[in-house]
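This report describes the arrangement of one protein chain, from individual side-chain pairs to the hydrophobic interior. The sequence and the model are shown below.

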Amino acid sequence: MAQVEATTERIIAADAETVFDALADYTGTRGKLLPEHFSEYEVREGGDGEGTLVRWKLQATSKRVRDCLLEVSEPNDGQLVEKDRNSSMVTTWVVTPAGEGKSKAVVTTVWNGAGGIGGFFERTFAPKGLGRIYDTVLANLAAEVEA
């Protein structure tokens, strides 16, 4: 099993604290940022960053739906880590300042991919598909926080 990784980033015209706070707001803002690939969104514990437990279904392709139960931690300033209890998937959000009134948001998801030919296709196509999904989340985040 090889590790599969998908990363996308965006410069957002809002300060890093505002962007991070919006991402960490699972009870309010986060649900509004998710495109149609996400369904059955619910906050089970917490709701603001560290200690949050959130659930959703992620439909990455027409045939592939992943039931995610994510534990949220904040190991460093400007960093949210979502670890899926149902799989090896870990998504890390990092928000850093990027000049006057701007920030850079980077989202990276890693998981243990399948072996064999299925694993080849997963490593080849899944990062692009997931990247497109998270591009949409970051665009929605920018629309939400930019003045």
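Which backbone oxygen lies 3.1 Å from a polar atom of the side chain of R30? The model is a predicted one, and in it the backbone oxygen of L23 holds that position.

**R30 and helix α1**

R30 is found in helix α2. With a relative accessible area of 1%, R30 is buried. Setting aside residues up to four places away in sequence, R30 touches A22, L23, D25, Y41, W56, L80, E82 and W93. Two of these contacts, A22 and L23, are among the buried residues of helix α1 (residues 16–24). The other buried residues of that helix are A16, V19, F20 and A24. An α-helix has 3.6 residues a turn, so residues three or four places apart point the same way. The cover over the buried residues of α1 includes β1 (3–12), α2, β5, β6, β7 (103–112) and α3. At the start of α1, a side-chain oxygen of D15 comes to within 3.2 Å of the backbone nitrogen of E17.

**The nonpolar core**

In soluble globular proteins, nonpolar side chains tend to be buried together. Here the largest nonpolar core holds 35 residues, and the members that touch the most others are I12, F38, W56, L80, W93 and L141. At least two residues of this core come from each of β1, α1, β3, β4, β6, β7 and α3. Helix α3 supplies the largest share, eight residues. I12 illustrates the reach of a core member: leaving out residues up to four places away in sequence, I12 touches V19, G101, K102, S103, A105, L138, L141, A142, V145 and E146. W56, L80 and W93, named above as core members, also appear among the contacts of R30.

**Helix α3: a buried glycine and a surface patch**

G131 is found in helix α3, and at 9% relative accessibility it counts as buried. Apart from residues up to four places away in sequence, G131 touches A6 and T8. The C-alpha atoms of G131 and T108 are separated by 8.8 Å, although the two residues are 23 residues apart along the chain. F125 also belongs to helix α3. Together with I117, F120 and F121, F125 forms a nonpolar patch on the surface, with about 450 Å² of accessible area in total.

**Salt bridges**

Side chains of opposite charge can pair when their charged atoms come close. The model contains nine salt bridges, including the three tabulated here.

| Salt bridge | Closest N and O atoms |
|---|---|
| E144 with K32 | 3.3 Å |
| E40 with R55 | 3.2 Å |
| R85 with E71 | 2.4 Å |

E144 forms its salt bridge with K32. E144 lies in helix α3 (residues 116–145) and K32 in helix α2 (residues 29–33), so this pair ties together parts that are 112 residues apart in sequence. E144 is partly exposed, with a relative accessible area of 37%, whereas K32 counts as exposed at 55%.

The salt bridge of E40 with R55 links strand β2 (residues 38–45), which holds E40, to strand β3 (residues 53–59), which holds R55, across 15 residues. Is R55 buried or exposed? R55 is buried, with a relative accessible area of 10%, while E40 is partly exposed at 45%.

R85 pairs with E71. R85 lies in the loop between β5 (79–84) and β6 (90–97), and E71 in strand β4 (residues 65–73), so the pair ties together parts that are 14 residues apart in sequence. Salt bridges that share partners also join E40, E42, R44, R55, K57 and D67 into one network. Both members of the R85 pair are partly exposed: R85 has a relative accessible area of 48%, and E71 one of 37%.

**The loop between β5 and β6**

N86 lies in the loop between β5 and β6. N86 is partly exposed, with a relative accessible area of 46%. Which residues does N86 contact, leaving aside its neighbours within four places in sequence? They are D67, C68 and L69. The side chain of N86 reaches the backbone oxygen of D67 at 2.9 Å. N86 and C68 are 18 residues apart in sequence, yet their C-alpha atoms are 6.2 Å apart in space. D67 also belongs to the salt-bridge network described above.

Terms used
Residues are numbered from 1 along each chain as its sequence is written. This is a predicted model: local features need pLDDT of at least 70, side-chain atom pairs count only at pLDDT 80 or more; totals for chains, interfaces and linings use all residues. Side-chain values use heavy atoms; hydrogens and water are left out. A salt bridge is a side-chain nitrogen of Lys or Arg within 4 Å of a carboxyl oxygen of Asp or Glu. Helices (H or I, at least four residues) and strands (E, at least two) are DSSP runs, numbered from the N terminus. Buried means under 20% relative accessible area, exposed over 50%, partly exposed in between (1.4 Å probe, protein chains only). Contact means heavy atoms within 4.5 Å. A polar contact is a pair of N or O atoms within 3.5 Å; within protein, one must be able to donate a hydrogen and the other to accept it, and residues adjacent in sequence count only if both atoms are side-chain atoms. Patches are made of residues with over 30% relative accessible area and no salt bridge: like charges are joined within 9 Å, nonpolar side chains (Val, Leu, Ile, Met, Phe, Trp, Tyr) within 5 Å. Accessible areas come from the Shrake-Rupley method with a 1.4 Å probe; for residues, only the protein chains shown count as cover. A nonpolar core is a set of buried Ala, Val, Leu, Ile, Met, Phe, Trp, Tyr and Cys residues joined through side-chain atoms within 4.5 Å.
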